[in-house]
Amino acid sequence: LVSDWSSDVCSSDLFMEIIAYGGWNRCARLVSGDVELIVTLEIGPRVIRCGLVGGPNEFVEHPEDMGHKGGGPYRSYGGHRLWVAPEVDAITLQPDNDPVEHTTEGASSVFTTRTDRWHVQKEIRITSLGDGAFELEHRLYNRGGHPLELTTWALTQLAPVGEAYFPMPAFKSHTEEVLPDRPLALWGYTDLSDPRWTWSQCLGRLRQDPARGPQKIGMFCPQGWAAYANHGNLWVKVFDAVQGGDYADFGCNFETFTNQKMLELESLGEVTIVDADDHTGHIERWELRKGVKVESNVDAALKQLTSIADKLKAKT
């Protein structure tokens, strides 16, 4: 399915080329400003690297999986991937071990899988926003003969040993709101006393620790952003947040997970009934900022991160 497109493509804010990377012979390298993405073509769709040119990978790479392709077992690989929510092993853990088709549509690079045994075809469309920022549209196509319930789930595995930041839904006094309006989804292994968590009224934080095992929470994040500080840099993703929308996992459009190897920032689209040959999807925007230190004061950190996220949302 890999196209034979291999020439370098340049525009005012984007450079693309086909390179070898991580044991694979063919990967698409997309450069905007001083930030590069590397997308695998022999497996996927998978963004295996996001980093400053010449700098470390802000995404994790799992050495035992790098360069592998084909075969039946699901491999984690690392990087950024597209799943189907909610998590059901047979459907969600559909291996992405086969080649993807790589095409261009206008200013976008499009990476598309074969249709799987559940009649689902996955696609990630990447567009440069300039100045080191990218927009990623995640699509799930129904290639069967009947409607399917589908939910896009975009998961980014980030390198150790950084710290994630995510805004909490607005705090209200008891006199303002007597009914619950800030649900938090907990998994069976969630431990809110784990020292990797730091909680405040306005900001949640989760540290990655190579000595500690799985930890996860989910929530509806109306602000629609999350960030990860590592290597002296700050990586930010913004995503959809539809008030009153139908989201999986008790209403989550955002989830974060960590274990000994990495930390994930995950966004989810709405639950959708998708007709045959139609699709559903949702969009993320990414930005990697060099040399950004998150403020130590919680209120100042929230103001700083919100400003960065709002500017990313406003990019055209």
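**Exercise 1. Which residues make the nonpolar surface patch of about 330 Å²?**

Solution. Step one: find L184, L186, L192 and W199, since these four residues make the patch. A patch is built from residues with over 30% relative accessible area and no salt bridge, where like charges are joined within 9 Å and nonpolar side chains (Val, Leu, Ile, Met, Phe, Trp, Tyr) within 5 Å. Accessible areas come from the Shrake-Rupley method with a 1.4 Å probe, and for residues only the protein chains shown count as cover.

Step two: look at W199, which sits in strand β15 (residues 197-199). Strands (E, at least two residues) and helices (H or I, at least four) are DSSP runs numbered from the N terminus. W199 counts as partly exposed because its relative accessibility is 33%; buried means under 20%, exposed means over 50%, and partly exposed is in between (1.4 Å probe, protein chains only).

A word on what you're looking at: this is a predicted model, in which local features need pLDDT of at least 70 and side-chain atom pairs count only at pLDDT 80 or more, while totals for chains, interfaces and linings use all residues. Residues are numbered from 1 along each chain as its sequence is written, and side-chain values use heavy atoms, leaving out hydrogens and water.

**Exercise 2. Is M168 buried or exposed, and which residues does M168 touch?**

Solution. Start with the location: M168 is in the loop between β13 and β14 (184-186). With 14% relative accessibility, M168 counts as buried.

Now go through the contacts (heavy atoms within 4.5 Å). Leaving aside residues up to four places away in sequence, M168 touches W199, S200, Q201, C202, L203, G204, M219 and Q223. So W199 turns up again, as one of the contacts of M168. Finally, check R182: it is 14 residues from M168 in sequence, and the two C-alpha atoms are 8.6 Å apart in space.

**Exercise 3. In what order do the strands of the 10-stranded open sheet run?**

Solution. Walk across the sheet and you get β7-β8-β9-β10-β23-β19-β18-β13-β16-β15, with antiparallel pairing. Two strands pair if DSSP finds at least two bridges between them. The edges are β7 (101-105) and β15, each pairing on one side only. From one strand to the next, the twist averages 20°.

Next, zoom in on one pair. Strands β19 (residues 233-239) and β23 (residues 279-289) run antiparallel and are joined by 6 bridges. Across from V236 you'll find E287 in β23.

Then add the helix. Helix α3 (residues 298-314) lies across several strands, including β9 (120-130), β10 (133-142), β19 and β23, and runs at about 120° to β23. That angle is taken between N-to-C directions on a scale from 0 to 180 degrees, with axes as lines fitted to C-alpha atoms, for helices over the stretch in contact.

**Exercise 4. Which residues are linked in a network of salt bridges?**

Solution. The members are E105, E123, R125, E137 and R139. A salt bridge is a side-chain nitrogen of Lys or Arg within 4 Å of a carboxyl oxygen of Asp or Glu. The whole structure has 23 of them.

Take E105 and R125, whose side chains meet at 2.4 Å, N to O. E105 is in strand β7 and R125 in strand β9, so this pair ties together parts 20 residues apart in sequence. E105 is partly exposed at 43%, whereas R125 is buried at 10%.

Move on to E137 and R125, with closest N and O atoms 3.9 Å apart. Here E137 belongs to strand β10 and R125 to strand β9, so the pair joins parts 12 residues apart in sequence. E137 has a relative accessible area of 22% and is partly exposed.

That leaves E123 and R139, whose closest N and O atoms are 3.9 Å apart. This pair links strand β9 to strand β10 across 16 residues of sequence. Both E123 and R139 are buried.

**Exercise 5. How many residues of strand β5 (residues 46-52) are buried?**

Solution. The count is 7 of 7. On one side, β5 pairs with β4 (residues 35-40) in the antiparallel sense over 5 bridges, and V35 has L52 as its bridge partner. The two strands form a hairpin with 5 residues between them, where G44 in the turn has a positive phi of about 130°.

β5 also pairs antiparallel with β6 (residues 80-84), over 2 bridges. There, V47 stands opposite H80.
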